[in-house]
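Please look through the sequence and the three-dimensional structure below before reading on. The explanation that comes after them goes step by step, and it helps to find each residue as it is named.

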Amino acid sequence: MKKMINSVESLLEESLNGFATAHRDIVRLNHQPNFVTRADSSKAKVKLISGGGSGHEPLHTGLVGMGMLDAACPGQIFTSPGPDQMLVAAQAVDAGKGILFIVKNYAGDVMNFEIAAEMLDIPTETILVADDVSLPADHSTGRRGVAGTLIVEKIVGAAAEAGANLQACKQLGERVAQSTASMGVALSSCTVPAIGKPTFDIGSNEIEMGVGIHGERGREPMDLVSASEIVEKLASHIDAELKPAAGQRVLLHVNGFGATPLMELYLVFDLAAQYWQEKGVIIERSLVGNFTTSLDMAGCSITLTLLDDEMIQYWDAPVHTAALRWGC
Amino acid sequence: MKKMINSVESLLEESLNGFATAHRDIVRLNHQPNFVTRADSSKAKVKLISGGGSGHEPLHTGLVGMGMLDAACPGQIFTSPGPDQMLVAAQAVDAGKGILFIVKNYAGDVMNFEIAAEMLDIPTETILVADDVSLPADHSTGRRGVAGTLIVEKIVGAAAEAGANLQACKQLGERVAQSTASMGVALSSCTVPAIGKPTFDIGSNEIEMGVGIHGERGREPMDLVSASEIVEKLASHIDAELKPAAGQRVLLHVNGFGATPLMELYLVFDLAAQYWQEKGVIIERSLVGNFTTSLDMAGCSITLTLLDDEMIQYWDAPVHTAALRWGC
Amino acid sequence: MSEQAIPLSQLIKNVHQCINAHAEEVAELDAAIGDGDHLNNLQRGLATLESMSAELDQMPLSDAFSKIGMSLMSTMGGASGSLFGSMFVTMGKTAKDQPLTLVGLSEVFSAGVESIKARGKADIGEKTMLDTLIPASQSLQQDAANGVPLETSLSHMQQSAITGMESTKDMLATKGRASFLGERARGHIDAGARTSQLMLCAIADEVIKYNN
Amino acid sequence: MSEQAIPLSQLIKNVHQCINAHAEEVAELDAAIGDGDHLNNLQRGLATLESMSAELDQMPLSDAFSKIGMSLMSTMGGASGSLFGSMFVTMGKTAKDQPLTLVGLSEVFSAGVESIKARGKADIGEKTMLDTLIPASQSLQQDAANGVPLETSLSHMQQSAITGMESTKDMLATKGRASFLGERARGHIDAGARTSQLMLCAIADEVIKYNN
Ligand SMILES: Nc1ncnc2c1ncn2[C@@H]1O[C@H](COP(=O)(O)OP(=O)(O)O)[C@@H](O)[C@H]1O
Ligand SMILES: Nc1ncnc2c1ncn2[C@@H]1O[C@H](COP(=O)(O)OP(=O)(O)O)[C@@H](O)[C@H]1O
Ligand SMILES: [Mg+2]
Ligand SMILES: [Mg+2]
Ligand SMILES: [Mg+2]
Ligand SMILES: [Mg+2]
C-alpha cells in the first residue's frame with residue numbers, strides 16, 4: 001500500500017486537523033468525540049447534521065457551512081460514527097428549533113444515528129437517503145444512500161437557512177430524496193489503509209456495475225466497454241426509476257470516486273446530458289467533480305434529480321462550505 | 001488500460017464538450033482550433049490567456065471566468081497546444097488593452113506561445129511561471145512551471161479585472177511568480193490514454209521526489225517514507241528557496257495530482273502548515289485540492305507564495321470559474 | 001448479580017488474542033462481501049476494553065456490561081459497533097435482575113441477542129452475526145433449563161456457534177452489506193458471524209479452563 | 001524551384017509507414033525520459049499530412065513546405081510540433097530562392113535545421129533531435145558542395161543521422177524534458193533524435209529507389 005500517511009491510527013485525526021486549519025474561516029473541529037461544526041453555530045434555525053464513515057471526502061465535513069450542514073460526524077474510514085458523536089454534536093449546535101439528521105441508508109449509519117436520536121432529549125427528525133438504483137426498490141435493506149445525499153443536503157440546507165421549520169425541512173428533504181436516483185460503476189477497487197491492499201481483485205478488462213461508496217464489489221462484474229455503453233447502462237437504470245417526462249427540468253450530477261481524471265468525468269457528463277436531452281429533458285443545473293468519493297477508487301456515479309421551482313431556488317441559494325461555494 | 005472513454009482520438013473533444021455544457025453559464029467552447037473563453041468576452045480589459053497540454057484539469061479551462069482567465073487553450077494530453085489556438089483565441093477575446101500570456105515553463109509551451117505572439121499584431125506580454133524548485137535555479141532549461149501557475153492566474157486575473165494595464169499585470173504576475181515555489185512527489189505513474197499503460201514503473205515501496213506534472217519520473221526515486229518525512233523534504237526545498245521570515249504571511253497550496261484522496265491532501269496540508277508555523281510564518285490563505293493534476297497520478301505538490309497586502313487583496317477578490325469560485 | 005466469577009479482564013484479553021490470531025482471515029471475510037473494516041472495528045473496540053479492564057474488574061457485572069456496551073458503540077462504530085454495543089447495554093440492564101447462575105447468565109445473553117435482532121431488524125438466516133448468536137444463545141438457555149453441567153453446556157454452545165457460523169457460507173444475505181451482492185455473496189462466511197463465534201468460543205474455553 | 005522531383009505524397013506515405021513500423025519503440029523512448037506523447041504527436045501530424053497529400057503534390061515545393069509546417073504546428077503541438085513546424089515553414093521560405101538541385105536542397109534543409117536551433121535555443125550535444133539533424137544536414141551540404149553523386153550523398157546522410165541519433169544515448173540532456181532527469185536520462189536514446197533519423201532515412205531510401 002502506498003499512502004501519504006504517518007500511521008493508519010493517526011490518519012483520520014491528522015487529516016481532520018489539516019481540514020480544520022485550512023478552513024478555519026468556515027469550520028470548527030471537536031475532538032473526542034470527533035465532529036465538525038460551523039465556525040459560528042449561533043443562528044436560531046433547524047440544525048442539519050450528517051455523518052458517516054470517512055473516506056468519502058469532501059462529503060460530509062466539506063459540506064459544513066452557511067447554507068448547508070451545521071455539523072458533520074466523521075467515523076473511521078468506511079465505518080459509521082458512534083452515537084456519541086451525533087449526540088454531542090447535536091447538543092453543541094442545537095438552537096431550540098430541532099435537529100434534522102441526514103443519513104445515508106446503510107445499516108451502520110442508520111443504527112448509530114437511531115441510537116443517538118433515542119438518547120437525545122431535543123426534537124429530532126431523520127431523512128434517510130436511499131438513491132442507489134442499482135438495487136431494486138424492494139431490496140431487503142432498502143437501497144443504499146450514495147451521491148444524491150449531497151443534493152438533499154444542499155437543498156434542505158438552503159431551506160433551513162431561510163427559516164423553514166423542522167417538519168418543512170424534513171418534508172422537503174424527503175421530496176428531494178424521492179426525486180433523486182443514482183448509480184455508479186467502479187473501474188478499480190480502493191485500498192483501505194487499515195487493510196493495506198485493494199478490497200477486491202478486478203480483472204484488467206473488467207468493471208463493476210452498481211457499486212456503493214465503500215469500495216465494495218458491485219452488483220455484477222462486466223467487461224470494460226465504451227464510455228457510451230457504460231453511461232447508457234447507468235442512465236437507463238436511473239431513467240427507469242425517475243421517468244422524467246419531456247420538458248422536465250433536472251439536476252445532473254456526475255460524481256467521481258476519487259481517482260478518475262476530471263477529463264473522464266466531463267466526458268461522462270457529456271454523454272449523460274445527451275442521453276436525457278435526446279428525450280427532451282432539460283439539464284437545468286449540473287455538478288461535475290469528486291464529491292462523494294471512495295478513497296482512491298476509479299469510477300464514477302451519475303445522479304439525476306427532478307427539479308421544481310422551489311428546489312431550483314434552494315439549489316441556487318448562497319452556500320459557503322469547503323467543497324461547495326457560490327453566491328457569496 | 002482502464003478509462004471511461006469512447007476512443008483515444010475523441011476523448012479530448014468529448015470531454016471539452018461536457019465541460020462546456022456543464023459550465024455554459026461561465027464559458028464558451030470554440031472548435032478547430034480548440035479554445036475556451038468566458039461566456040461574455042466584451043469587457044474592455046487586459047485579456048489573460050493560458051493553456052498547455054490537457055490532463056491537468058481543472059487547470060486551465062476550469063480557471064476561465066470572471067476574475068481569472070479570459071481564455072484557455074487545451075492541447076492534446078500532455079502536449080502543448082499549437083500556436084493557432086492561442087492566435088485565434090487572442091483575436092477572439094482582444095478588447096484593445098493587450099493580451100497577457102501566462103505560460104508554464106516547458107519547452108513546448110514556451111515555443112508554441114512564442115510563435116503565436118510573433119504571429120499576432122496586437123500587443124502581447126508573457127509571464128513565464130517556473131516555480132518547481134526540485135530543479136536548481138540555473139537548470140539548463142530553467143525550472144518547470146507547475147501548480148504555482150494557478151496562483152499567478154488568480155492574482156493577476158483579479159488585477160486585470162480591476163483595470164490594471166498590460167505592463168502592471170505583467171509586473172504583478174512576475175512578482176507573484178518570483179514569490180512562489182513548488183515541489184511535488186509521485187506515488188504512482190499515470191496512464192496516458194494514447195499509450196495505454198503507465199508511463200513509468202515504480203516499485204511498490206518507492207516514490208519519485210521532484211516530479212513535474214506530465215507523469216514523468218522525478219529527480220530521484222526514494223523509499224516510501226512517512227508523510228512527515230515526505231513533507232519535511234518538500235517543504236525544506238521550498239523554504240530554502242523563498243526563505244520566509246518569521247511574521248511573513250503566506251499562501252499554502254497543497255495540490256493533488258489526481259488520484260490521491262482528499263484525506264491525504266489535508267494530512268499533508270496539516271504537516272506543511274506545522275512546518276512553517278513552527279518557523280513563525282503565518283498561513284494567511286490556503287488552498288487544498290486537485291487543481292493541477294497529472295491524469296490519474298497519485299501524489300501531490302506543495303506550493304508556497306509569499307504574500308503582501310496587494311496580493312492578498314487580489315487573492316480574495318471575487319472569482320467565478322468552474323474550479324474556483326468565491327465572492328459572488 | 002454483583003460479583004464476577006472470573007475476572008472480565010481475563011476474558012477480554014483472551015478474546016482479543018483470539019481475534020488477533022485470526023486477523024487475516026477476518027479481514028478477508030469482510031473484504032470479500034463487506035467493506036473490509038470489520039477486523040479493525042473489532043480490534044479498536046477490544047483494545048479499548050483491554051485498556052480499561054482493570055477498572056471493569058472492580059465493577060458489578062451489570063455496570064461493567066453497560067460500560068462495555070457504551071465503549072464498544074463509541075470506539076467501534078459501524079454496524080457491528082451499534083449491535084455489539086446494544087447487546088452489552090441490554091445485558092447490563094438485564095444482569096441487574098438476574099442471579100449469577102448459568103440460568104441467569106443464559107437469560108442475560110438471550111436478552112442481549114434479542115436487542116441485536118431488534119436494533120438490526122434481522123433474524124436467523126439473513127447471513128449475519130445472528131446466525132452464530134441465536135443458536136448459541138438457544139443452546140445455552142436449553143442446557144441451563146435442563147440442568148446440564150456448566151462445562152458441557154459451554155461446549156454445546158461452542159458447537160452451536162460453529163455450526164451457525166458455518167451455515168452463513170451458503171446463505172444469500174438479506175441484511176448488512178453482503179445483501180448488496182446478491183448471489184455473489186454465496187460461498188463466503190459472514191465476518192460478523194465468524195468473529196461472534198470466535199469470541200464466544202474464546203470466552204467458553206477460558207471459563208472451562210478457569211473452572212478446572 | 002517549383003516542380004517536385006518525386007511526389008511528396010509518396011515520401012509522406014513512406015515516412016508515415018516507417019514511423020508506424022517503429023511505433024512501440026518510439027513510444028517507449030519518450031516514456032522513458034520524456035512524457036510519452038511523442039509517437040502520438042508525430043502520428044497525428046503525419047496522418048494530417050497524408051490526408052492532404054494529393055493537394056500538396058499539386059503545389060510548388062516552397063508552398064508545400066510552408067503548408068506542411070503550418071499543419072504540423074497546429075496538429076502536432078508539443079515541443080516537436082513547434083520545432084518540425086518551424087523547420088518546414090523556414091524551408092518553405094528558403095526554397096523560393098533555391099534551385100531544385102542537391103546543393104539547393106541541402107541549403108534549404110540546412111536553413112530548416114538552423115530554425116530549429118533558434119526556436120529551441122539548442123545545439124548539438126544537448127540530447128535532442130538536433131543531434132540527428134545537424135550532422136545529417138552538414139553531411140549533405142558537404143557532399144553537395146563536393147559534387148558527390150545523389151545516391152552516395154543520401155547514404156552518407158543516412159549514416160550521419162544514425163551516428164548522431166546513437167550519440168544521444170550516452171548524453172546528459174540539457175534541453176527538453178529529459179533534462180529534468182539529470183543522470184537518469186543517460187542510457188536512453190532521445191525520442192526526437194530517433195524519429196528524425198527514421199524519417200530522414202525513409203525519405204532517402206525512397207528517393208534512391210525512385211531514381212533507380
Ligand atoms: N442488520 C444487521 N443485523 C445483524 N447483524 C448485522 C446487520 N448488519 C450488519 N450486521 C453484521 O455486522 C457485520 C459487519 O460489521 P462491520 O464490518 O464492523 O460494520 P459495517 O458493515 O458497517 O462495515 C456483518 O458481517 C454482519 O454480521
Ligand atoms: N529545445 C529543444 N530543441 C530541440 N529539440 C527539442 C527541444 N525540446 C525538445 N526537443 C525535442 O522534442 C522531442 C520531444 O517531442 P514531443 O514529445 O513531441 O514534445 P514534448 O516534449 O512537448 O512532449 C524530444 O525528444 C527532443 O528531441
Ligand atoms: Mg464499514
Ligand atoms: Mg508532451
Ligand atoms: Mg465492514
Ligand atoms: Mg513528449
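What follows leads from the confidence of the model to its metal sites, then to its salt bridges and its nonpolar core.

This is a predicted model, and its overall scores are an ipTM of 0.95 and a pTM of 0.96. Chain C can serve as an example of the confidence in single residues: its pLDDT averages 95, and 98% of its residues score at least 70. Within chain C, the lowest confidence falls in helix α2 (residues 23-33), with a mean of 94, while the highest is found in helix α8 (residues 130-145), at 98.

We can turn now to the metal ions. The magnesium ion (ligand 4) is held by B:Phe78 through an O atom and by D:Asp35 and D:Asp37 through OD atoms, at 2.1 to 2.2 Å. A second ion, the magnesium ion (ligand 6), is 3.5 Å from the magnesium ion (ligand 4), and D:Asp35 coordinates both. B:Phe78 belongs to the loop between β4 (71-77) and α2 (83-93) of chain B, whereas D:Asp35 belongs to the loop between α2 (23-33) and α3 (38-51) of chain D, and therefore the pair joins two chains. Both B:Phe78 and D:Asp35 are buried.

Chains A and C contribute to another site, where the magnesium ion (ligand 3) has as its protein donors A:Phe78 (O), C:Asp35 (OD) and C:Asp37 (OD), at 2.1 to 2.2 Å. Here C:Asp35 bridges the magnesium ion (ligand 3) and the magnesium ion (ligand 5), which are 3.5 Å apart. C:Asp35 is buried, with a relative accessible area of 2%, and C:Asp37 is also buried, with a value of 9%.

The next topic is charged side chains. Side chains of opposite charge can pair when their charged atoms come close. Over all chains, a search of the whole structure finds 62 salt bridges. One of them links A:Asp296 with A:Lys3, with a distance of 3.5 Å from N to O. Because A:Asp296 lies in the loop between β11 (282-289) and β12 (299-306) of chain A and A:Lys3 in the segment before α1 (11-22), this pair ties together parts that are 293 residues apart in sequence. A:Lys3 has a relative accessibility of 5%, so it counts as buried.

Another salt bridge, at 3.3 Å from N to O, joins the side chains of A:Asp70 and A:Arg38. A:Asp70 is in the loop between β3 (47-54) and β4 (71-77) of chain A and A:Arg38 is in strand β2 (residues 35-38), so the pair ties together parts that are 32 residues apart in sequence. A:Asp70 is buried at 3% relative accessible area, and A:Arg38 is buried at 7%. Both residues take part in a network of salt bridges that also includes A:Lys43, A:Lys45 and A:Glu161.

A further salt bridge is formed by D:Arg184 and B:Glu208, whose closest N and O atoms are 2.7 Å apart. Since D:Arg184 lies in the loop between α9 (150-167) and α10 (191-211) of chain D and B:Glu208 in strand β8 (residues 206-209) of chain B, the pair joins two chains. D:Arg184 counts as partly exposed at 23%, whereas B:Glu208 is buried at 0%.

Last comes the nonpolar interior. The largest nonpolar core has 205 residues, and those with the most contacts inside it are A:Trp276, A:Ile302, B:Trp276 and B:Ile302. Beyond its neighbours within four places in sequence, A:Ile302 is in contact with residues including A:Met183, A:Val231, A:Leu252 and A:Trp276.

Methods
Residues are numbered from 1 along each chain as its sequence is written. Chains are lettered from A and ligands numbered from 1 in the order in which they are written. This is a predicted model: local features need pLDDT of at least 70, side-chain atom pairs count only at pLDDT 80 or more; totals for chains, interfaces and linings use all residues. Side-chain values use heavy atoms; hydrogens and water are left out. Donors are N, O and S atoms within 2.8 Å of the metal (3.2 Å for Na, K and Ca); water is not among the atoms, so sites may look incomplete. Helices (H or I, at least four residues) and strands (E, at least two) are DSSP runs, numbered from the N terminus. Buried means under 20% relative accessible area, exposed over 50%, partly exposed in between (1.4 Å probe, protein chains only). A salt bridge is a side-chain nitrogen of Lys or Arg within 4 Å of a carboxyl oxygen of Asp or Glu. A nonpolar core is a set of buried Ala, Val, Leu, Ile, Met, Phe, Trp, Tyr and Cys residues joined through side-chain atoms within 4.5 Å. Contact means heavy atoms within 4.5 Å. pLDDT is the predictor's confidence in each residue, from 0 to 100.
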